[in-house]
Amino acid sequence: MQFHHHGYVKHDPRIKEPAGTGIDRPAELPDTMDVLIVGAGPAGIIQAAQLTNYPSVTTRIIESRPHRLEIGRADGLWPRSSETFQAFEFRDRIAEEAMHLREMNFWGPHPANPAVIARGVRAADPPAHISEFPPIVVNQARVIDYFAEYAANGPAKIEPDYGYEFVDYSRDDSDEFPVQVRLRDPDGQERQVRTKYLVGCDGARSLVRDSAGIEVIADQAAHAWAVMDILAVTDFPDFRTKCGIQSDKDGTVLLIPREGGFLVRFYVSLGDVDDANRAQVRATTVEEAIERAKRILNPYSLDVREVAWYSVYEVRHRIAQQFDDARTAPASDAGPRVFIAGDACHTHSAKAGQGMNVSMQDGWNLAWKLGQVLEGRSAPSLLSTYAAERLVIAEDLIAFDKEWSAMMSKRPEEFSSPQEIGDFYVDSAEFPNGFSTEYQPSTLTGEATHQELAADFPIGKRFKSAEVSRVADTTPRHLGHHFRADGRWRLYAFADTDGTAVADLANWLEHSPQSPVTKFTPEGADIDGVFDAKVIYQQPYQEIDLGQVSRYFLPDVGPLRLTDYEKVYAALPDSDIFNIRQIDRQSGALVIVRPDMYVAHVLPLTAREEITEFFANSMLVQQASESIVVDA
C-alpha cells in the first residue's frame with residue numbers, strides 16, 4: 001500500500017480524503033445522478049467500489065433491504081476473486097477469516113462392498129499451475145461488507161441507500177438525464193429520479209431487466225438438491241476437506257467446509273424432478289435431507305447438532321438475451337443507457353460455485369467503463385463492449401455448469417472409470433477458478449500478432465502474476481499484487497537484454513507528443529494518472545542502478561512531487577518471470593493491461609504508432625483540465 005504522496009497521513013491510510021462528489025455528499029438520494037445502481041449484492045457493490053475512484057461521477061446505489069445483508073447464500077470464492085480482492089486492497093483481511101481449500105477429494109462406492117463409500121481420487125484445488133491463491137469460503141455478506149467499506153472509504157464516499165425499491169423506468173434521450181426511474185422510498189412513498197445510466201443488479205427476478213423488456217431463456221429443471229449449513233459431529237475423515245461423495249444407491253453429497261472451523265455446507269441430491277413430483281421434492285424436510293446424507297456417508301456416522309440454514313432448490317439455467325437496452329431503447333442509435341449484471345443476467349446451479357464470482361466480474365467490467373466515459377476519457381461507444389464481452393462469458397458459464405451438474409448427478413455405474421470425475425475436475429480447473437475468460441479482439445483487446453514476445457501473458461485473458469524483486473527496497477513481490485482497481489491502465493515493460501529498447505520506449509512515452517501518455521493524460525495530472533508504467537529488468541536487483549533508470553519509471557507524483565520508487569523491478573534468479581511467462585529475452589516486450597486486470601495487448605518495445613493507435617480506439621484526446629491525482 002502506498003500513501004503519504006499527498007502529504008503525511010495521520011489516520012488509517014485506507015480512508016481516502018473526499019474529492020469531487022465525495023465532498024459534502026448528500027445524505028438523501030438526489031433527484032439526478034450520473035449512475036444509479038439497483039441492488040447492493042456482489043455485482044452492484046463492486047461497481048460502487050470501482051466508481052468511488054471516479055469522484056467526479058455522481059454514483060448512488062440503492063438496496064430494497066432495510067439494512068446490510070447479514071446472511072448470504074453464496075460462499076465459494078475462486079482464485080480470480082482473490083485477485084480481485086487484492087486489487088481492492090482487502091484480500092489479506094478477508095482471507096484471515098475464510099476457510100482455505102487445498103484439495104478436492106472424490107468418494108464413491110467401495111469396489112469390494114458398494115454399500116459403503118471409499119475415498120478415490122484426490123485432486124489439488126487448484127492445480128499448482130493455475131494460481132498462487134487457493135479457493136476460499138466465506139459468507140457472501142462479508143464480501144459485500146469489504147467492498148462497501150472500500151466504496152465508503154474512497155474519494156467519492158459511496159454508501160448504499162437502503163429501503164428503496166425499484167418500480168420501473170422510462171427513457172427520454174432528449175434529456176440530459178435520459179433514464180427516468182420510479183422508486184418507492186423507505187416510507188413507501190413513490191419517488192422519481194433521473195440518471196444518465198441505470199444498472200440493474202437486482203437478482204434473478206430483476207425488475208430492471210423486465211422493465212427493459214429483455215428476454216430470458218430458461219431450461220426446465222431436471223434435478224433437485226437440498227442445501228444446508230450444519231454443525232455436526234462425525235467420524236468421516238475428510239469432514240474439513242471439500243469432497244464429492246457418490247453412493248451406490250442414495251445419491252450424491254457435495255461437502256464444502258466453511259469458515260470458522262466448524263461449519264460445513266452439504267448439498268444433498270434429491271434426484272430428478274419433473275411436474276409430477278416437483279411439489280413432493282420441494283417439500284423435503286431438513287430431517288429427511290439429513291437422513292439421506294447419513295445413508296450416503298455409510299459407513300461413517302453423522303450427528304447433526306445444529307442447522308444454521310436450509311433450502312431446497314432445483315437446477316435451472318437462465319440467461320438473458322441482452323445485457324443492455326441497446327436494442328429495446330426508443331433511440332437505439334444513442335447507445336445503451338440501461339445495463340444488467342450478475343444474477344439478472346445468468347442463473348445456474350450453486351455446486352460449481354460460480355454465481356458470486358462471475359457476478360463480480362460482470363460488475364467490474366462495466367464499472368470502469370462507466371467511469372471512463374463519464375469522466376470524459378472515452379466515448380460512450382465504449383459501453384457497448386460490456387454486453388459484447390460478458391454475454392459470451394455467461395453462455396460459457398451455463399455450458400460448463402450443465403456439464404458439471406450432470407457429472408455430479410451421475411450414478412456410479414454411468415462413469416467410464418472411477419477416475420473420470422477427478423480427471424474432469426483437474427482438466428477443467430481453469431474455468432471454475434475464473435481464468436478461462438478470454439476477450440476477443442476489439443477496441444479494447446489487440447490481435448495476437450506479437451503474442452510470441454510474451455507467450456504466457458495471453459491477450460484477452462487475465463494478467464497472470466509472478467514474483468519479482470522490487471529494486472528500491474529489494475523486496476520480493478508478486479507483480480500482479482501491486483495492481484489496484486483505480487481505473488488506470490498498466491504498462492508492463494519487460495526489458496530487452498541490454499536495456500536500450502526499454503529506455504528508448506520510456507523516453508518516447510514521457511516526451512513524444514504522439515505517445516498515449518501525452519495524448520490521453522489530462523493536463524496538470526500526474527504523469528502516471530492514467531497509465532501506470534512499470535519496468536522489469538532481466539538482471540538481479542543488485543545489478544540495477546536506479547540512477548541509470550529512465551525517470552519515466554521513477555516519476556514525481558502528488559503535490560509535493562515525491563519520487564515513486566515502486567515501479568522498478570528485477571527478475572528473481574530462482575523464479576525468473578522471463579522464463580515463467582515466456583518473455584523474449586532479446587527483444588523484451590510491452591504488456592498492456594486493462595483497468596480490470598485483463599491483458600489488452602502485447603507489443604514490441606520498439607512499437608510506436610501501434611501503441612498510440614491501440615489506445616486511440618477507446619480513449620479521447622485530453623484537453624486542458626483540472627489535475628487528476630489517483631492513488632497508486
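## Where helix α2 meets helix α8

Let's start with a meeting of two helices in this predicted model. On the α2 side, the residues that take part are Arg80, Ser81, Thr84, Phe85 and Ala87, and on the α8 side they find Asn357, Met360, Gln361 and Trp364. Sorted by character, the residues of this contact of α2 with α8 come out as 4 nonpolar, 4 polar and 1 charged.

How do the two helices lie against each other? Two packed helices are described by the angle between their axes and the distance between the axes. For α2 and α8, the axes come within 10 Å and cross at roughly 45 degrees. An angle of 65 to 115 degrees would count as roughly perpendicular and one under 35 degrees as roughly parallel, and α2 and α8 are therefore oblique to each other. The crossing in which α2 passes α8 is left-handed.

## How α2 is covered

Now look at helix α2 by itself, residues 79-87. How many of its residues are buried? The count is 9 of 9, so the helix is mostly covered. You can pick them out by name: Pro79, Arg80, Ser81, Ser82, Glu83, Thr84, Phe85, Gln86 and Ala87 are buried.

Which elements do the covering? Among them are the helices α1 (42-51), α3 (91-97), α4 (140-153) and α8 (355-374). The strands β3 (76-77) and β7 (136-137) also help to cover the buried residues of α2. After α2 comes Glu89, which has a positive phi, near 70 degrees.

## Helix α1 also packs on α8

Helix α8 has a contact with α1 too. Here the axes are 7 Å apart and the packing angle is about 35 degrees. The crossing of α1 and α8 is right-handed, whereas that of α2 and α8 is left-handed.

From α1, the contact is made by Pro42, Ala43, Ile46, Gln47, Gln50 and Leu51. From α8, the contributors are Met356, Ser359, Met360, Gly363, Trp364, Leu366, Ala367, Trp368, Leu370 and Gly371. The residues of this contact of α1 with α8 divide into 11 nonpolar, 5 polar and no charged. If you follow Met360 and Trp364 in α8, you will find them in the contact with α1 and in the contact with α2.

## Thr612 and its polar contact

Next, travel along the chain to helix α14 (residues 609-616), where Thr612 lies. Is Thr612 buried or exposed? Its relative accessible area is 11%, and buried means under 20%, so Thr612 is buried.

What does the side chain of Thr612 reach? It comes to the backbone oxygen of Gln514, at 2.6 Å. Not counting residues up to four places away in sequence, Thr612 touches Trp508, Gln514, Ser515, Pro516, Lys519 and Phe520.

## Two buried strand residues

Leu590 sits in strand β28 (residues 589-593). With 1% relative accessibility, Leu590 counts as buried. Leaving aside neighbours within four places in sequence, its contacts include Leu491, Tyr492, Ala493 and Leu505, along with His601, Val602 and Ile611. Leu590 and Phe494 are 96 residues apart along the chain, and their C-alpha atoms are separated by 6.1 Å.

Trp225 belongs to strand β13 (residues 223-234). Its relative accessible area is 0%, and Trp225 is buried. Between Trp225 and His346 there are 19 Å from C-alpha to C-alpha, and along the chain these two are 121 residues apart.

Terms used
Residues numbered from 1 in each chain as written. Predicted model: local features only at pLDDT ≥ 70, side-chain atom pairs only at ≥ 80, totals over all residues. Heavy atoms only, no water. Helix = DSSP H or I, 4+ residues; strand = E, 2+ residues; numbered from the N terminus. Buried < 20%, exposed > 50% of the residue type's maximum accessible area, 1.4 Å probe, protein only. Polar contact = N/O pair within 3.5 Å; in protein donor to acceptor, adjacent residues only side chain to side chain. Contact = heavy atoms within 4.5 Å. Axes fitted to C-alpha atoms, helices over the stretch in contact; angles between N-to-C directions. Parallel < 35°, antiparallel > 145°, perpendicular 65-115°, else oblique. Left-handed = near helix turned anticlockwise from the far one by under 90°. Nonpolar A, V, L, I, M, F, W, Y, C, P; charged D, E, K, R; others polar.
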